[in-house]
Amino acid sequence: MKNEEVTLILAGGNLSLPFLENVIKEYAGATIIAADRGLEACMKLQIEPDYVIGDFDSLDEQVKDAFLADRRNVTKLNPIKDDTDSEAALHLAFEKTKGDIFLLGGTGTRLDHVLGNIAILGQGFVQDRHIFLLDEHNRIRLIQKECRIKKEEQYGKYVSVVSFCGVARGVSESGVFYPLDHVDLQPFTSLGISNEIVDEEAVITVEDGTLIVIESKD
């Protein structure tokens, strides 16, 4: 996929500037959407986002004054709303862009936001888009049916699978140290945690249900 068909959403969670800078270089030419406090990271790196969206209730006043005045492609949201700024940015990405979407700054100390950001990854199924939650240590996705991870392209050492929204039936993993063969993965178990890719490619499949797939660095 061309970088022009990639969207980077910069959210307001933990966002390492060196990490963000490397991702932006890797996906040079990608569409950048700054969601609320994600705009502060853009300002620090002197990056001009393509779109800005949020209620801006947590945004530094100096950033507001420096950036939001007389700028186009800024969507101001009502602070009293049902969705988060990250989800609003995701909807904007569906409307304005195509291709894969990477949500950065979507993890951190606010575990409620982390869980919410994992949940909204599932909107990619309806939109036929691949969405990843990405930080320095983890690449997270939701899958239905199948995903393949090449060992040379894996994001860290470990690959974990967790059932999402009930039992994930018929889960199989091949090309990994701990293979699974048509296992019904229950929601209250740690069975799928900390696997490792041992072949050239890992294949993860689920016959019915949804899995969280997490690639992690140590």
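**Close-up 1. Leu133 sits opposite Ile140 of strand S7.** This is a predicted model, and the view takes in the spot where S6, residues 131-134, meets S7, residues 138-150. The two strands run antiparallel and are held in register by two bridges. Getting from S6 to S7 takes a hairpin of three residues.

**Close-up 2. On to strand S11, the antiparallel partner that S7 meets through twelve bridges.** S11 covers residues 201-216. If you want one pair to zoom in on, try Leu142, whose bridge partner in S11 is Ile212. As a reminder for looking at any such view, side chains in a regular strand alternate between the two faces of the sheet.

**Close-up 3. Arg139, a buried arginine in strand S7.** What does the side chain of Arg139 reach at 3.2 Å? That would be the backbone oxygen of Glu153. The Arg139 side chain also makes a polar contact, at 2.8 Å, with the side chain of Glu215. Arg139 counts as buried because its relative accessible area is 15%, below the 20% cut-off. Setting aside residues up to four places away in sequence, Arg139 touches a stretch of Phe132, Leu133 and Leu134, then Glu153, Gln154 and Tyr155, and finally Val213, Ile214 and Glu215.

**Close-up 4. The second largest pocket, with a volume of about 340 Å³.** Its lining has 15 residues, and those closest to the pocket centre are Phe125, Arg129, His130, Ile131 and Leu142. Leu142 is also the residue that bridges to Ile212 in S11. Which element gives the largest share of the lining? It's S7, with six residues. Helix H6 (123-127), S6 and S7 each put in at least two. By residue type, the lining splits into seven nonpolar, three polar and five charged.

**Close-up 5. Tyr158 in strand S8, which spans residues 158-174.** Tyr158 and Asp218 are 60 residues apart in sequence, yet their C-alpha atoms are 7.8 Å apart in space. Asp218 is one of the contacts of Tyr158 beyond four places in sequence; the others are Ser194, Asn195, Glu196, Ile214, Glu215 and Ser216. Glu215 turns up here as well as in the Arg139 view, where the two side chains make their polar contact. Is Tyr158 buried or exposed? Buried: its relative accessible area comes out at 19%, and the cut-off is under 20%.

**Close-up 6. Helix H2, residues 38-45, largely enclosed by the rest of the structure.** Why call H2 enclosed? Because six of its eight residues are buried. Those are Gly38, Leu39, Glu40, Ala41, Cys42 and Leu45. Handy when you're tracing the helix: an α-helix has 3.6 residues a turn, so residues three or four places apart point the same way.

**Close-up 7. Asp36 and Gln46, two residues with positive phi that aren't glycine.** Asp36 lies in the loop between strand S2 (31-35) and H2, with phi at about 50°. Gln46 follows H2 and belongs to the loop that leads to strand S3 (51-54); its phi is near 55°. Which of these loop residues is buried, and which is exposed? Asp36 is buried, with a relative accessible area of 3%, whereas Gln46 counts as exposed at 77%.

Definitions and conventions:
Residues are numbered from 1 along each chain as its sequence is written. This is a predicted model: local features need pLDDT of at least 70, side-chain atom pairs count only at pLDDT 80 or more; totals for chains, interfaces and linings use all residues. Side-chain values use heavy atoms; hydrogens and water are left out. Two strands pair if DSSP finds at least two bridges between them. Helices (H or I, at least four residues) and strands (E, at least two) are DSSP runs, numbered from the N terminus. Buried means under 20% relative accessible area, exposed over 50%, partly exposed in between (1.4 Å probe, protein chains only). A polar contact is a pair of N or O atoms within 3.5 Å; within protein, one must be able to donate a hydrogen and the other to accept it, and residues adjacent in sequence count only if both atoms are side-chain atoms. Contact means heavy atoms within 4.5 Å. On a 1 Å grid over the protein atoms alone, a cavity is a set of points where a 1.4 Å probe fits but cannot get out, and a pocket is an open set with protein on both sides within 12 Å along at least five of seven lines; lining residues have an atom within 4 Å of a point. Grid points are joined across faces, edges and corners, and a volume is the space filled by probe spheres set on the points. Ala, Val, Leu, Ile, Met, Phe, Trp, Tyr, Cys and Pro count as nonpolar, Asp, Glu, Lys and Arg as charged, and the others, Gly among them, as polar.
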